[in-house]
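Colleague: I would like a close look at a single part of this model, the interface between the two chains. Please give the criteria along with the values.

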Number of protein chains: 2
Amino acid sequence: MVRKTKAEAEQTRQQIIDAARKVFLELGVGRASLERVAQVAGVTRGAVYWHFENKAALFYAMREESAHVFDELEQDLVSDRLANPLDAVEESLLGFFKVLETHPKVREVFEIMALRCEYVDEFAPILYEVNKPCIDFLARLCKVYGWAAERGYLRAGLDPEAMAYDTLSFATGLFNNWMIDDEADDVRRRAHAMIRSHVALRRA
Amino acid sequence: MVRKTKAEAEQTRQQIIDAARKVFLELGVGRASLERVAQVAGVTRGAVYWHFENKAALFYAMREESAHVFDELEQDLVSDRLANPLDAVEESLLGFFKVLETHPKVREVFEIMALRCEYVDEFAPILYEVNKPCIDFLARLCKVYGWAAERGYLRAGLDPEAMAYDTLSFATGLFNNWMIDDEADDVRRRAHAMIRSHVALRRA
DNA sequence: CATTATACATACAATCACGTTTGTTTGTGA
DNA sequence: TCACAAACAAACGTGATTGTATGTATAATG
């Protein structure tokens, strides 16, 4: 009972990625054996090695699935469809965490990348790929805060670039605290209010 | 040539911890074998297992060394020795990153914890111990921002608690971006300016 | 319809790291 | 000084993973 149809093969490939996500999340990337991934996927290691060269390749494939969910989101930020650019910043940040809330797969992948992966050797390059959208986000923030300043929406005396860096750090930190999700600070429930308060801080 | 003096034994223990830090940083905690740690320390696995129960215990010991470097720093925040509490916040944040710059061992431990460790099983509890100082920091920030509001140093209309959460996220994010240290954003060089700009944002 | 490459399952070999046990020397306390 | 335990080194056994090699049934292709 082998040699399945192309569609079926693609399906098993997807099953393997889904299984990898579960196993990576539970055991961490390092301790996750491809044997266990295969078990959870309902196949053998033969199938895993057929579709992916090794664990790193599987990790990259898993990541790429969720990487491009935010493309439209970033596009929104600089679309300039809102009169007040600061509203665009707010919406962009709210949208990011909304995705984390509504897309469990994406959330799990980000949790793996934040807390269940050691960035050495084959995995070290991922760190910079993960960081790349952040650099983009920073550039967009600079532009948008610049617009806000020009149009008088940014409080007088505030430097757009400085605001961009501040917002980048804020977003990064909120993301990390959101992932850890300690009951004591309850960041996950406060996230929306925090975002609004963060942006309000620089409104004219 | 065994049965060394107590002082010598303590020294080898320290050598093992130092070696662990190097190996963890290079290979990640998961891939770091105690054999390699022993080699770098100039001993055998026998010595490692004599001083530490296993890799996790060694990790905990390594961490604890650097954990209490910031105690005085947090104390400073609520010491109320500065007229303007916002200056205390600024100094506290600057002090944190100054420690990272001046204490390479501490920096390495924090880099291991941020990027070279998978928080599962025996390592999962560490995540909450790491987060505990953050909770403390948040509480202190609430108090200090409250003082600032009372004394009129906080810009009118700003909620002290909201400011505390914003600063916590900022600090967390700055720390993470500082660790990744991409040349593109150059956060590590801008850190001081970012901190000052962050605090300035809420001055009256 | 014969052939071929696909999509796996199974089997194999090799390494590696871990925990434990045993052995050895020598500080140290009585 | 004597007995004991500290502070390791060395050896042992074991299970877990990895990569590869081989087998095989069947979908695709001409």
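Modeller: What follows takes the chain interface, then its symmetry, then the domain contact inside one chain. This is a predicted model, in which local features need pLDDT of at least 70 and side-chain atom pairs count only at pLDDT 80 or more, while totals for chains, interfaces and linings use all residues. Residues are numbered from 1 along each chain as its sequence is written, chains are lettered from A and ligands numbered from 1 in the order in which they are written, and side-chain values use heavy atoms, with hydrogens and water left out.

Chain B brings 47 residues to the contact and chain A brings 47 residues, where contact means heavy atoms within 4.5 Å. About 4100 Å² is buried between chain B and chain A, and carbon and sulfur atoms give 53% of that area. Buried area here is the accessible area (1.4 Å probe) that two parts lose on being put together, summed over both. On the chain B side, the residues that lose the most area to chain A are B:Glu118, B:Tyr165 and B:Leu201, together 17% of what that side buries.

Between chain B and chain A there are 6 salt bridges, each a side-chain nitrogen of Lys or Arg within 4 Å of a carboxyl oxygen of Asp or Glu. A:Glu122 and B:Arg31 form a salt bridge, with their closest N and O atoms 2.6 Å apart. The two chains also share 22 residue pairs in polar contact, both residues at pLDDT 80 or more. A polar contact is a pair of N or O atoms within 3.5 Å; within protein, one must be able to donate a hydrogen and the other to accept it, and residues adjacent in sequence count only if both atoms are side-chain atoms.

Four helices of chain B, α1 (6-31), α8 (124-150), α9 (160-180) and α10 (187-200), each supply at least two residues of the side that touches chain A. Helices (H or I, at least four residues) are DSSP runs, numbered from the N terminus. The most comes from α9(B), with 14 residues. By class, this side of chain B has 24 nonpolar, 10 polar and 13 charged residues; Ala, Val, Leu, Ile, Met, Phe, Trp, Tyr, Cys and Pro count as nonpolar, Asp, Glu, Lys and Arg as charged, and the others, Gly among them, as polar.

As for symmetry, a turn of 180 degrees and a shift of 0.0 Å along the axis lay chain B on chain A with an RMSD of 0.0 Å. That is the relation of a two-fold axis. In chain B, the C-alpha nearest the axis belongs to B:Gly173, 1.7 Å from it. Copies are superposed by least squares on the C-alpha atoms of residues with pLDDT of at least 70 in both. Of the interface residues of chain B, 100% are also interface residues in chain A, so the copies meet through the same surface.

Within chain A, domain 1 (6-52) and domain 2 (66-200) have bounds from an automatic or database domain assignment. Their centres, taken over C-alpha atoms, are 31 Å apart. The contact involves 6 residues of domain 1 of chain A and 8 residues of domain 2 of chain A. The area buried between these domains is about 700 Å², of which carbon and sulfur atoms give 67%. A:Arg21, A:Leu25 and A:Val29 supply 82% of the area that domain 1 of chain A buries against domain 2 of chain A. A:Arg21 also forms a salt bridge with A:Glu108, the closest N and O atoms being 2.8 Å apart.
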